[in-house]
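Here is a brisk report on one protein chain. The sections below go from a single residue to a sheet and on to a metal site.

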Amino acid sequence: MRNSSRSLAKRWKVFDLRRSAPPCLPAVALVVLLFPLAAWGSVLDSEAIQIVALPDASRVTLRLTAPAQVRVVDAVQSHGCFFIDLYSVQAGFQDKVIPVNHILRSIRIQTYPKALRLQFFPDERTSFRVAEAETGYLYPLGDLTAAKFVPSGHPARTIVVETTRSRRWRVILDPGHGGKDPGAVSGKRREKDVVLAIVRSAQRNLSGTDVDVILTRKSDTYRSLGSRRDFVEEIEGDLFVSIHANAAHRKRYQTPPSGIEFYYLSKTASPDTAALAEAENREDEERLGPQQNAQWNAMMSHLIEDILREHRSSGARACQAFNQVFSRDPYFRAHNRGVKSAPFRVLTNRMMPAILVEVGYIDHPAEGRLLASPDFQDRTGRLLAQSIRHYLTHQASSQN
Ligand SMILES: [Zn+2]
């Protein structure tokens with residue numbers, strides 16, 4: 001009993017508006033001065049807004065103190081939001097923005113002279129509906145360009161706004177290197193071949209599921225890191241996964257290292273990740289030349305700030321989810337170097353969380369042999385596919 005209520009509490013994240021600090025604008029006070037309280041029929045208090053976020057949906061319930069006229073406008077195409085105007089309704093708090101989840105990114109509440117406007121900013125791949133709670137009356141969607149703004153004619157006291165993911169998941173898989181860039185090499189083993197085979201297996205294992213897969217390369221072709229990044233920026237995806245294989249310079253180690261590692265983006269490298277980030281970024285740096293590299297580094301520091309703000313925690317969460325799934329496999333449980341962060345150039349996109357997996361050491365005598373075997377490549381690809389679905393189906397309920 002206790003267990004089930006705990007897991008339910010975990011899954012259902014209820015937001016308390018009283019916790020979010022209101023901005024310091026005296027907007028409500030101003031409006032109240034201009035429009036005496038008698039002109040307002042109803043009040044929407046902070047505690048009368050309940051937000052429930054689920055992995056594939058969100059539900060917002062608004063409870064007014066008295067019925068109000070409602071208008072719903074779909075401006076998703078033109079303004080990236082839909083909004084609900086509540087006529088003659090006063091907010092019991094100051095204008096504010098409330099972050100929700102990846103289905104419904106945020107809600108902005110603003111006081112207008114004759115109405116309270118709630119702007120809902122959904123993910124592009126969502127559908128929404130606005131209904132009155134008691135009767136289930138569905139509000140029709142108005143037109144933003146209509147000259148005269150008309151309420152629906154159906155007053156409501158409790159309004160439910162449901163936002164649902166309407167499309168499938170989309171994941172970009174990036175087999176590192178390719179073509180003239182072999183990546184790490186050990187004898188006949190080349191990183192570019194190993195990672196392509198693993199990614200191909202992951203793609204096979206995801207076919208027929210609710211995840212669509214896009215590959216940055218499908219064969220042994222060259223693609224620069226810049227071109228990979230531009231490609232990703234064009235796509236609205238849910239996750240980017242770059243697959244690599246590591247190599248140690250064996251002379252430096254008594255015992256050659258082995259094991260899988262999961263990376264998310266960070267601005268700086270720790271001493272043990274610096275060499276790897278340098279190796280994975282090298283091809284890009286060599287291609288660009290000193291001047292372009294300086295420009296790139298300047299842009300990079302701004303870009304990374306943005307990305308870290310937006311996607312850092314989801315990148316870290318994705319790494320944890322992947323590590324959990326891989327740890328179910330006896331080999332990867334025993335050969336696991338854990339979750340880390342480093343400044344990998346290929347992870348710098350603004351569009352979606354991005355992680356990089358170093359599946360193992362291609363120049364470790366035993367692990368290198370495994371990585372080159374089709375059976376092990378398929379096993380790794382299958383685990384990747386499971387990790388991706390595990391992350392996608394659990395991310396929203398644990399989002400901040
Ligand atoms: Zn690599």
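## A threonine in strand 12

Thr-163 has a relative accessibility of 0%, so this residue counts as buried. The model is a predicted one. Thr-163 belongs to strand 12, which covers residues 156-165.

Thr-163 also has a partner from elsewhere in the chain to compare with. Val-60 lies 103 residues away from Thr-163 in sequence. In space, the two C-alpha atoms are 8.6 Å apart.

## The open sheet

Six strands make up an open sheet. Their order is 7-8-9-5-4-11, and the pairing is mixed. Strand 7 (96-99) and strand 11 (141-142) stand at the edges. Each has a single partner strand, so one side of each is left without a neighbour in the sheet.

Strand 9 sits between strand 8 and strand 5 in that order. How much of strand 9 is buried? Seven of its eight residues, 115-122, are buried, so strand 9 is largely enclosed by the rest of the structure.

## Partners of strand 9

On one side is strand 8, residues 104-111. Seven bridges join strand 8 to strand 9, and the two run antiparallel. Ser-106 has Phe-121 of strand 9 as its bridge partner. Strands 8 and 9 form a hairpin, with three residues between them.

On the other side is strand 5, residues 81-87. Strand 5 is also antiparallel to strand 9, with six bridges joining them. Two of the residue pairs can be named. Phe-82 is bridged to Phe-120 in strand 9. Asp-85 is bridged to Arg-117, again in strand 9.

## Cysteines

How many disulfides does a search of the whole structure find? The count is zero. Two cysteines can be placed by their burial. Cys-81 has a relative accessible area of 2%, under the 20% cut-off, so Cys-81 is buried. Cys-319 is at 0% relative accessibility and therefore counts as buried.

## The zinc site

Which residues donate to the zinc ion? The protein donors are His-177 through NE2, Glu-191 through OE, His-244 through ND1, and Glu-280, which is listed with OE twice. These donors lie 2.0 to 2.5 Å from the zinc ion. Along the chain, their spacing reads H-x13-E-x52-H-x35-E.

The two glutamates link distant parts of the chain. Glu-191 is in helix 4, residues 191-206. Glu-280 is in helix 6, residues 271-326. The pair is 89 residues apart. Are these glutamates buried or exposed? Both Glu-191 and Glu-280 are buried.

## A cavity lined by zinc donors

The structure holds two cavities of 30 Å³ or more. The second largest contains about 60 Å³ of space. Its lining includes His-177, His-244 and Glu-280, residues that are also among the zinc donors. Other lining residues are Asp-174, Gly-176, Asp-181, Arg-223, Leu-225, Arg-228 and Glu-283.

Which helices each supply at least two residues of this lining? They are helix 5 (225-233) and helix 6. Helix 6 is also the helix that holds Glu-280. By residue type, the lining of the second largest cavity divides into six charged, three polar and one nonpolar.

Technical notes:
Residues numbered from 1 in each chain as written. Predicted model: local features only at pLDDT ≥ 70, side-chain atom pairs only at ≥ 80, totals over all residues. Heavy atoms only, no water. Donors = N, O, S within 2.8 Å, 3.2 Å for Na, K, Ca; no water. Helix = DSSP H or I, 4+ residues; strand = E, 2+ residues; numbered from the N terminus. Buried < 20%, exposed > 50% of the residue type's maximum accessible area, 1.4 Å probe, protein only. 1 Å grid on protein atoms, 1.4 Å probe; cavity = no way out; pocket = protein on both sides within 12 Å on 5 of 7 lines; lining within 4 Å. Points joined across faces, edges and corners; volume = space filled by probe spheres on them. Nonpolar A, V, L, I, M, F, W, Y, C, P; charged D, E, K, R; others polar. Disulfide = S-S within 2.5 Å. Pairing = 2+ DSSP bridges.
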